[in-house]
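The following exercises concern a ligand, its surroundings and the backbone geometry of a protein chain. Each task is followed by a solution in steps.

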Amino acid sequence: MKLIIGNKAYSSWSLRGWLACRQSGLSFEEVVVPMYDADWERRRQGDEFAPSSGKVPILWDGDAVVWDSLAIVEYLADKAGRARFWPGDDAARAMARSMAAEMHSSFPNLRRKHPMNVRQVFPPARPDDDVLVEVARVMELWAQARARWGGSGDFLFGDFGAADIMFAPVVTRLVTYQLPVARFAAPYMDAVLSHPFMQDWLAAAQEEEWVLEQYEQPAGA
Ligand SMILES: N[C@@H](CCC(=O)N[C@@H](CS)C(=O)NCC(=O)O)C(=O)O
């Protein structure tokens with residue numbers, strides 16, 4: 001398999017696709033492309049980017065091509081075993097899938113106003129009200145999952161899985177912009193950030209030379 005991703009410092013959807021590949025346990029080649037550099041427009045019009053019309057992540061696996069992070073999660077769950085990604089209990093899995101889907105389709109203000117930058121921690125500043133509403137919704141979802149299905153595990157549904165993968169870039173944003181989080185969320189965020197796959201990603205992001213100025217400003221600056 002070959003996974004094409006964008007900058008590890010900034011590309012949140014790439015992080016999700018990459019975490020899914022690591023979680024699958026399958027071997028894959030990783031190709032990191034610098035987004036928005038001088039070659040970006042030419043590169044994204046190439047054949048390897050055609051299926052996603054120029055967006056990352058894209059997973060190539062022989063004749064199969066999968067773009068869009070949530071589809072990559074599902075493809076790999078089919079291929080490597082659902083248990084690696086989703087809880088076994090039907091009710092837990094229903095909630096985990098709903099949370100992953102909601103993450104994928106929602107939270108536009110948090111995503112747009114607080115873009116991922118895993119190399120920065122900006123001084124705290126009062127977020128916009130629409131962002132606060134979305135952060136409160138994230139807290140509500142995490143609280144429900146942890147209380148109902150977390151058990152003795154550290155993650156939303158006990159073991160690390162698809163829901164954690166989809167929310168991982170939210171965890172990093174909450175840290176980067178020092179957004180207000182509920183007390184219960186801190187241990188969960190620590191568990192995500194200290195997961196070995198996240199540690200690998202964060203270390204690689206630190207090593208990246210590419211800098212995109214548009215993501216190097218605190219929100220609202
Ligand atoms: N819904 C897609 C979103 C993919 C996406 O928007 N990727 C961004 C990088 S995080 C991208 O490729 N942006 C480059 C562009 O649109 O030119 C997914 O879940 O993978």
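**Exercise 1. Polar contacts of the ligand**

Identify the polar atoms of the protein that lie opposite oxygen and nitrogen atoms of the ligand, and state how much of the ligand the protein buries.

Solution. The model is predicted.

Step 1. Begin with the oxygen atoms of the ligand: one lies 2.7 Å from a polar side-chain atom of Ser69. For Lys55, a polar side-chain atom is placed 2.8 Å from an oxygen atom of the ligand.

Step 2. Turn to nitrogen: here the partner is a polar backbone atom of Val56, 2.8 Å from a nitrogen atom of the ligand.

Step 3. Consider the surface. The ligand taken alone exposes 510 Å², of which the protein buries 81%.

**Exercise 2. The shell around the ligand**

Determine how many residues surround the ligand, and which classes and helices they come from.

Solution.

Step 1. With a cut-off of 4 Å between heavy atoms, 13 residues surround the ligand. The closest are Arg44, Lys55, Val56, Ser69 and His104.

Step 2. Sorted by class, the shell comprises six nonpolar, four polar and three charged residues.

Step 3. Helix H1 (12-24) and helix H2 (40-44) each contribute at least two residues to this shell.

**Exercise 3. The largest pocket**

Locate the ligand with respect to the largest pocket, and describe the lining of that pocket.

Solution.

Step 1. The ligand takes up the space of the largest pocket.

Step 2. This pocket has a volume of about 540 Å³. It is lined by 23 residues, and those closest to its centre are Ser11, Ser12, Trp13, Lys55 and Val56.

Step 3. The lining divides into 11 nonpolar, six polar and six charged residues.

Step 4. At least two lining residues come from each of H1 and H2. H1 provides the largest share, three residues.

**Exercise 4. Backbone geometry between H2 and S3**

Examine the loop between H2 and strand S3 (58-61), which contains Pro57, and report the backbone values of Ser53 and of the bond joining Val56 and Pro57.

Solution.

Step 1. Recall the reference case: most residues other than glycine have a negative phi, and most peptide bonds are trans.

Step 2. Ser53 lies in this loop. Its phi is near 50°, a positive value in a residue other than glycine.

Step 3. Val56 and Pro57 are joined by a cis peptide bond, with omega about 5°.

Conventions: Residues are numbered from 1 along each chain as its sequence is written. This is a predicted model: local features need pLDDT of at least 70, side-chain atom pairs count only at pLDDT 80 or more; totals for chains, interfaces and linings use all residues. Side-chain values use heavy atoms; hydrogens and water are left out. A polar contact is a pair of N or O atoms within 3.5 Å; within protein, one must be able to donate a hydrogen and the other to accept it, and residues adjacent in sequence count only if both atoms are side-chain atoms. Accessible areas come from the Shrake-Rupley method with a 1.4 Å probe; for residues, only the protein chains shown count as cover. On a 1 Å grid over the protein atoms alone, a cavity is a set of points where a 1.4 Å probe fits but cannot get out, and a pocket is an open set with protein on both sides within 12 Å along at least five of seven lines; lining residues have an atom within 4 Å of a point. A molecule sits in a cavity or pocket if more than half of its atoms lie within 2 Å of its grid points. Helices (H or I, at least four residues) and strands (E, at least two) are DSSP runs, numbered from the N terminus. Ala, Val, Leu, Ile, Met, Phe, Trp, Tyr, Cys and Pro count as nonpolar, Asp, Glu, Lys and Arg as charged, and the others, Gly among them, as polar. Grid points are joined across faces, edges and corners, and a volume is the space filled by probe spheres set on the points.
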